[in-house]
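Biologist: Please examine the model shown below with me. I shall ask about its charged pairs, its nonpolar packing and some individual residues.

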Amino acid sequence: MSNLVIRSVAGIVFSLSVLASAWLGPLILGLLFLFFAAVGLYEIYELQRHKELNAPRWFKGMSIGVIIYLQVFLIATESIPLSYLWILGLLIPVVFCTELIRLDESSLSNLALTIFGWVYVVLPFSMINLLAVVTGVFDWTIPVGYFLILWANDTGAYFFGKWFGKKKLYPKVSPNKTWEGLAGGILLAVSASVLVAQYVTAFELRHWIAAGIIVGIFGNLGDLFESHLKRNYHVKDSGNIIPGHGGVLDRFDGLLISLPVVLAYFKLFAHL
């Protein structure tokens, strides 16, 4: 079987699993993205091993990362009240104290990288649970609409960059990204948002168009940032869990930056 066929099949299976998880309800959606968050966090911590001998405290980072995700998931599903966030406040001193006990020359860098993994990976992935209940009740069509727009942006950026790309967007970070690709991504994301608005009626057309613009801009920023990380650590892919597509971070780089902004927009301006 050729690499192209393997890549295509893997991409289709992956996309269908994401869409199906939303349709199957909050528990399946939450569990699938807990898996993605854990794998993505593992990939971030493993990237450090490509550059330095001292990597972040793997067990501590992974354990607390899972707790953070579960806190957000349980609050989103109204399994626990919002006031339970105080539990996370107790974990912060634990993290700092463990580094104080070790007191080696890598303590500060390990601490920073451990926390970076939570902020960059775990929190954005956990927000998919909040997006699904942004209107006050679970609505599987909202995350599905978001993903269709996100993937439209990726598709537009790739093909417009390939066919028309001439002006480099940020060659020091990603030599293949172009301004034409950025414009194509935004154009296709907005087009997809118009289509999504016809079927996902939780928000008006103007709000979906705004979401398309946000995804087009911040999704590409997420792509650039992940490219910067991989270039910094001298690796081609963040992992190899998805055949032909790389790791979880490679597949969700646009989500990690755009989803928090889309969620904030919907919460502040669309759900009044």
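Biologist: Is Asp250 buried or exposed?

Modeller: The model is a predicted one. A residue counts as buried under 20% relative accessible area. Asp250 has a relative accessibility of 12%, so Asp250 is buried.

Biologist: With which residue does Asp250 meet in a salt bridge?

Modeller: The N to O distance of the pair is 2.9 Å, and the criterion for a salt bridge is within 4 Å. The partner of Asp250 is Lys230. The pair links distant parts of the chain, since Asp250 lies in helix α9 (residues 248-270) and its partner, 20 residues apart, lies in helix α8. Like Asp250, the partner has a relative accessible area of 12% and is buried; the residue asked for is Lys230.

Biologist: Which residues do salt bridges with shared partners join into one network?

Modeller: Lys230 meets Asp250 in one salt bridge and Glu226 in another, at 3.6 Å from N to O. Lys230 and Glu226 are four residues apart in helix α8 (residues 205-233), which means a separation of about one helical turn. Both of these residues are buried. The shared partners thus join Glu226, Lys230 and Asp250.

Biologist: How far apart are the closest N and O atoms of Arg206 and Glu204?

Modeller: Side chains of opposite charge can pair when their charged atoms come close. Arg206 is exposed at 53% relative accessible area, whereas Glu204 is partly exposed at 47%. The two form a salt bridge, and the structure holds four salt bridges. The closest N and O atoms of Arg206 and Glu204 are 2.8 Å apart.

Biologist: How many residues does the largest nonpolar core have?

Modeller: Residues with the most contacts inside this core include Phe33, Phe125, Phe147, Trp208, Phe252 and Leu255. Leaving out residues up to four places away in sequence, Leu255 touches Phe33, Pro124, Phe125, Tyr146, Phe147, Leu150 and Pro260. The number of residues in the largest nonpolar core is 65.

Biologist: How are α5 and α6 oriented to each other: parallel, antiparallel, perpendicular or oblique?

Modeller: Helix α5 (residues 107-132) packs with helix α6 (residues 141-164) at about 125 degrees, and their axes are 7 Å apart. Angles of 65 to 115 degrees count as roughly perpendicular and those over 145 as roughly antiparallel. The angle of about 125 degrees fits neither range, so α5 and α6 are oblique.

Biologist: How many nonpolar residues does the contact of α5 with α6 have?

Modeller: From α5, the contact involves Ile128, Leu131 and Ala132. These meet Ile142, Pro143, Tyr146 and Phe147 in α6. By class there are no polar and no charged residues, and the number of nonpolar residues is seven.

Biologist: What is the relative accessible area of Ser193?

Modeller: Ser193 is placed in helix α7 (residues 179-199). Apart from neighbours within four places in sequence, Ser193 is in contact with Ile149, Leu205, Trp208, Ile209 and Gly212. Ser193 is buried, and its relative accessible area is 0%.

Biologist: Which residue other than glycine has a positive phi near 60 degrees?

Modeller: The residue is located in the loop between α3 (58-76) and α4 (86-102). Its relative accessible area is 68%, and over 50% counts as exposed. The residue with this positive phi is Glu78.

Note on methods
Residues numbered from 1 in each chain as written. Predicted model: local features only at pLDDT ≥ 70, side-chain atom pairs only at ≥ 80, totals over all residues. Heavy atoms only, no water. Salt bridge = Lys/Arg side-chain N within 4 Å of Asp/Glu carboxyl O. Buried < 20%, exposed > 50% of the residue type's maximum accessible area, 1.4 Å probe, protein only. Helix = DSSP H or I, 4+ residues; strand = E, 2+ residues; numbered from the N terminus. Core = buried A, V, L, I, M, F, W, Y, C linked by side-chain atoms within 4.5 Å. Contact = heavy atoms within 4.5 Å. Axes fitted to C-alpha atoms, helices over the stretch in contact; angles between N-to-C directions. Parallel < 35°, antiparallel > 145°, perpendicular 65-115°, else oblique. Nonpolar A, V, L, I, M, F, W, Y, C, P; charged D, E, K, R; others polar.
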